[in-house]
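Below are my notes on this model, as numbered points. Please read them with the structure open.

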Amino acid sequence: MIVSNVLMNTTARAPIVMVEGKGSWLMDGAGNRYLDFVQGRGTNSLGHAPSCVWQALAEQASKLINPGPYCYSEATLRLAQELVERSAFDEVFLANSGTEANECAIKLARKWGRAFRGGAHETITLFNAFHGRTWAAMSATGRPEYSATFGPLVPGFPKATMNDIPSVERQITARTAAVMIEVVQGQAGVLCADPAFLQALRQLCDTHKLLLVFDEVQTGMGRLGRLFGYEHFGVEPDILTLGKGIAGGAPLSAVLAKEHACVFVPGEHGGTFNGNPLVTAAGLAVLKEVSKRSFLQEVRDLASYLSLSLAKLSSELGLPGEGGIGLLRRLDLGQPIGPEVVAYARDRLAVQPSLGGSALLLNSPSPNLLRFLPALNVTRSEIDQMIEGLRFSILVALRQARAVAS
Ligand SMILES: *Cc1c(COP(=O)(O)O)cnc(C)c1O
């Protein structure tokens with residue numbers, strides 16, 4: 001068993017050292033193969049080591065890695081231009097993680113509220129949200145265990161409930177500057193906003209003169225079968241944050257904003273790595289791939305196939321059902337066996353010769369369910385293979401749970 005005592009203990013890690021990845025497949029140092037339906041929690045939007053991304057990285061690395069944030073680079077200018085042209089927004093801020101993108105969005109909302117809404121500074125966020133782990137992002141996330149451990153948190157993030165407009169209305173006061181939400185709450189278990197809720201929220205923000213911020217770190221860049229998740233709902237926010245899959249696994253994030261929300265002046269926000277051409281070149285490569293004609297149609301077709309396959313498995317095993325939008329999906333297990341399913345699929349499945357000797361990487365953000373974030377170019381046969389491994393792993397976990405209960 002590999003346990004590192006020099007890496008700070010911040011994440012529960014499996015004792016596996018991964019050495020290589022290609023598409024939907026990962027290989028560890030012992031030569032085991034894993035079919036990956038987590039993909040770095042959705043960062044590898046085109047699978048592991050897609051050739052368009054590593055070629056862009058290699059080419060850019062040989063030319064220019066980081067001239068510094070105080071001048072321009074070609075890749076960065078082109079990426080910002082492409083993002084603006086393909087979206088409803090006017091300006092772009094580039095950063096290195098989803099958390100930082102949200103931090104920027106929250107600072108924009110605070111400055112905007114101070115200037116244009118009588119000194120307002122609060123951003124309403126939702127229960128069960130996930131916006132990141134820095135001070136403001138962690139406070140916006142607002143899990144009770146965070147305040148118990150790290151409190152006092154940053155004030156100014158009152159909470160409302162997903163798909164409940166009156167709960168948002170009740171939090172709006174003279175102090176409110178913005179409402180920030182995920183259109184699908186991924187970490188909370190793939191809970192989707194209703195289109196009617198988002199439309200009413202847009203109206204509410206217009207009526208009260210508030211900024212609407214969508215955290216699309218998980219849902220943007222093709223994940224929901226549209227380039228941006230908001231297109232799926234027909235509702236445009238004032239500020240959009242992107243991360244995870246936008247550079248195919250390289251650390252890049254972005255804030256896209258409408259002109260009226262772009263209130264920073266030089267010196268108020270930024271960072272030394274922000275918008276470096278190494279990662280923006282990777283971002284351009286991903287955007288080019290995802291924007292190819294029929295790419296997103298194929299994502300939607302794959303999503304229907306995955307949805308149907310999960311629904312079939314669910315009814316076969318007597319589970320409550322599946323859900324999600326695009327290739328961000330959920331399977332409800334009906335009992336807290338998620339961690340057992342994940343561990344079995346990863347550590348024990350490969351010994352089943354009927355499944356081709358491969359293991360399976362799955363994710364259980366809460367014990368009653370599994371979340372699926374496959375590569376956007378996953379194949380139907382990989383989906384079939386995953387379903388086989390999943391069936392086996394769930395059956396074992398159900399059997400164990402019954403044995404414990406009796
Ligand atoms: C992952 C995630 C974040 C945080 O992004 P990092 O790149 O891990 O900092 C923020 N918001 C949402 C919705 C996410 O899924």
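1. Two strands count as paired if DSSP finds at least two bridges between them; helices (H or I, at least four residues) and strands (E, at least two) are DSSP runs, numbered from the N terminus. The model is a predicted one, in which local features need pLDDT of at least 70 and side-chain atom pairs count only at pLDDT 80 or more, while totals for chains, interfaces and linings use all residues. Residues are numbered from 1 along each chain as its sequence is written, and side-chain values use heavy atoms, with hydrogens and water left out.

2. An open sheet is formed by seven strands in the order β4-β12-β11-β10-β7-β5-β6, with mixed pairing. Its edge strands are β4 and β6 (159-160), each of which pairs on one side only. Within the sheet, β5 (residues 122-126) and β7 (residues 176-181) are parallel and share three bridges. Thr123 stands opposite Ala178 in β7.

3. Strands β1 (residues 18-22) and β2 (residues 25-28) run antiparallel and are joined by four bridges. Glu20 has Met27 of β2 as its bridge partner. The two strands, β1 and β2, make a hairpin with two residues between them, and Gly23 in the turn has a positive phi of about 60 degrees.

4. Helix α3 (residues 74-85) has twelve residues and should span 16 Å at 1.5 Å a residue (the expected span being 1.5 Å times one less than the number of residues). Its end C-alpha atoms are 16 Å apart, which agrees. Buried residues of α3 (under 20% relative accessible area; exposed is over 50%, partly exposed in between; 1.4 Å probe, protein chains only) are Ala75, Thr76, Leu79 and Leu83. They cover an arc of only 95 degrees around the axis (taken from the directions from the helix axis to the C-beta atoms), which puts them on the same side of α3. Glu74 and Glu85, on the other side of α3, are exposed.

5. The cover over the buried residues of α3 (contact: heavy atoms within 4.5 Å) includes α2 (51-63), β4 (91-95), β11 (239-242), β12 (253-257) and α10 (277-290).

6. The largest nonpolar core (buried Ala, Val, Leu, Ile, Met, Phe, Trp, Tyr and Cys residues joined through side-chain atoms within 4.5 Å) has 89 residues, of which Leu198, Leu362, Phe372, Met386, Leu390 and Ile394 touch the most other members. Helix α11 (residues 295-317) gives the largest share of this core, nine residues. A second, separate core of 21 residues includes Ala105, Ala109, Ala140 and Met180.
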